[in-house]
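Please look through the sequence and the model below before reading on, and keep both in view while the text moves from one part to the next.

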Amino acid sequence: MSFTVLIPARLASTRLPRKPLADIGGAPMVVRVAQRTLLSGAASVVVATDSEEIADACVPHGIRALLTRADHPTGSDRLAEACELLGLQGRDVVVNVQGDEPLIDPGLITACARLIALRTDCVMSTAAHAIDTLAEYANPNVVKVVTDAAGRALYFSRAPLPWWRDAPRSDGDTAAASGQLEAIAALPDPLPLRHIGIYGYTAAFLRRFPGLSASPLERIESLEQLRVLWHGERIAVHVTDERPGPGVDTPEDLERVRRLWG
């Protein structure tokens, strides 16, 4: 199986300015992501960026970079342009790895690529793992996903999903919840799934994606993948037992990753 990994990267970041160029062990973070991604067995790993500075930073490390337009509203739009520039089309497999995931598991990348290659009923693949703490279940920054019997996504949400109506309560009340998350004393069984932000696509769908209108659900939840479901397309979900390594959104995240990098 042959697949291409695309890594979208731009300099603009509100919480951590110039994030892709942040040093991790002597190389820019976007380079560390690409180096990690190469371990997945991808036929090609390409950074898609609107910044000449990012592209130039990749060159000394032997990482290929493509310059894309600066006016793309989403990372998926940037990757769609990269597909066109690379001549990818049809059932060619593309995996989107975020440029702030220097500790991503290469095996997870391979799994997403393999899943979209096998699942001809789906235009995208993604990943998830079981949530094992109530804090994550309640946290709106932790995106949840529910799937059907065939492992396809039914919905993604920032809300606790699925909602366990008859969950035991810490105050002894086992009646239906009235929105009081703090009273829940246990997680649903089976455990809810935390969405992992990695995506596999067919190149044909990725090139078509920018033409799809945004959905009301996407705007409400601020989750771009809901556009795909809104338009009747299917997303296959790979469930892994492994938690992904921490991503980098803040200066504190960066320091933690630097320590883990060693």
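A residue is called buried when its relative accessible area is under 20%, exposed when that value is over 50%, and partly exposed in between. The model shown here is a predicted one, and with these cut-offs in hand we can begin with a single arginine.

Arg-119 is found in the loop that runs between helix 4 and strand 7, the latter spanning residues 124–130. Is Arg-119 buried or exposed? Its relative accessibility is 18%, and because the cut-off for buried is under 20%, Arg-119 counts as buried. Leaving aside neighbours within four places in sequence, Arg-119 is in contact with Arg-91, Ala-150, Arg-152 and Ala-236. With one of these residues the contact can be described in finer detail, since the side chain of Arg-119 reaches the backbone oxygen of Ala-150 at 2.9 Å. The side chain of Arg-119 also makes a polar contact with the side chain of Asp-121, again at 2.9 Å. Pro-8, by contrast, is 111 residues from Arg-119 in sequence, and the two C-alpha atoms are 25 Å apart in space.

A second loop, between strand 11 (235–239) and helix 9, holds Thr-250. Thr-250 has a relative accessibility of 17% and therefore counts as buried, and if residues up to four places away in sequence are not counted, Thr-250 touches Arg-15 and Leu-16.

From these loops we can turn to the nonpolar interior. The largest nonpolar core has 40 residues, and those with the most contacts inside it are Val-5, Ile-7, Val-95, Val-97 and Ile-198. Among the elements that give two or more residues to this core are strand 1 (3–9), strand 6 (93–96), strand 10 (193–202) and helix 9 (251–261), while helix 4 gives the most, with six residues. Ile-198 can serve as an example of how such a residue is surrounded: neighbours within four places in sequence aside, its contacts include Val-95, Val-97, Ile-104, Leu-108, Ile-109 and Cys-112, and also Asn-96, Ser-125 and Thr-126. Apart from the largest core lies another core, of 30 residues, among them Leu-6, Val-46, Tyr-201 and Val-237.

Nonpolar residues also appear on the surface. Which residues make the nonpolar surface patch of about 330 Å²? The patch is made by Leu-217, Ile-220 and Trp-230, and the last of these lies in helix 8, which covers residues 226–230. Trp-230 has a relative accessible area of 46%, so it is classed as partly exposed.

Notes
Residues are numbered from 1 along each chain as its sequence is written. This is a predicted model: local features need pLDDT of at least 70, side-chain atom pairs count only at pLDDT 80 or more; totals for chains, interfaces and linings use all residues. Side-chain values use heavy atoms; hydrogens and water are left out. Patches are made of residues with over 30% relative accessible area and no salt bridge: like charges are joined within 9 Å, nonpolar side chains (Val, Leu, Ile, Met, Phe, Trp, Tyr) within 5 Å. Accessible areas come from the Shrake-Rupley method with a 1.4 Å probe; for residues, only the protein chains shown count as cover. A salt bridge is a side-chain nitrogen of Lys or Arg within 4 Å of a carboxyl oxygen of Asp or Glu. Helices (H or I, at least four residues) and strands (E, at least two) are DSSP runs, numbered from the N terminus. Buried means under 20% relative accessible area, exposed over 50%, partly exposed in between (1.4 Å probe, protein chains only). A nonpolar core is a set of buried Ala, Val, Leu, Ile, Met, Phe, Trp, Tyr and Cys residues joined through side-chain atoms within 4.5 Å. Contact means heavy atoms within 4.5 Å. A polar contact is a pair of N or O atoms within 3.5 Å; within protein, one must be able to donate a hydrogen and the other to accept it, and residues adjacent in sequence count only if both atoms are side-chain atoms.
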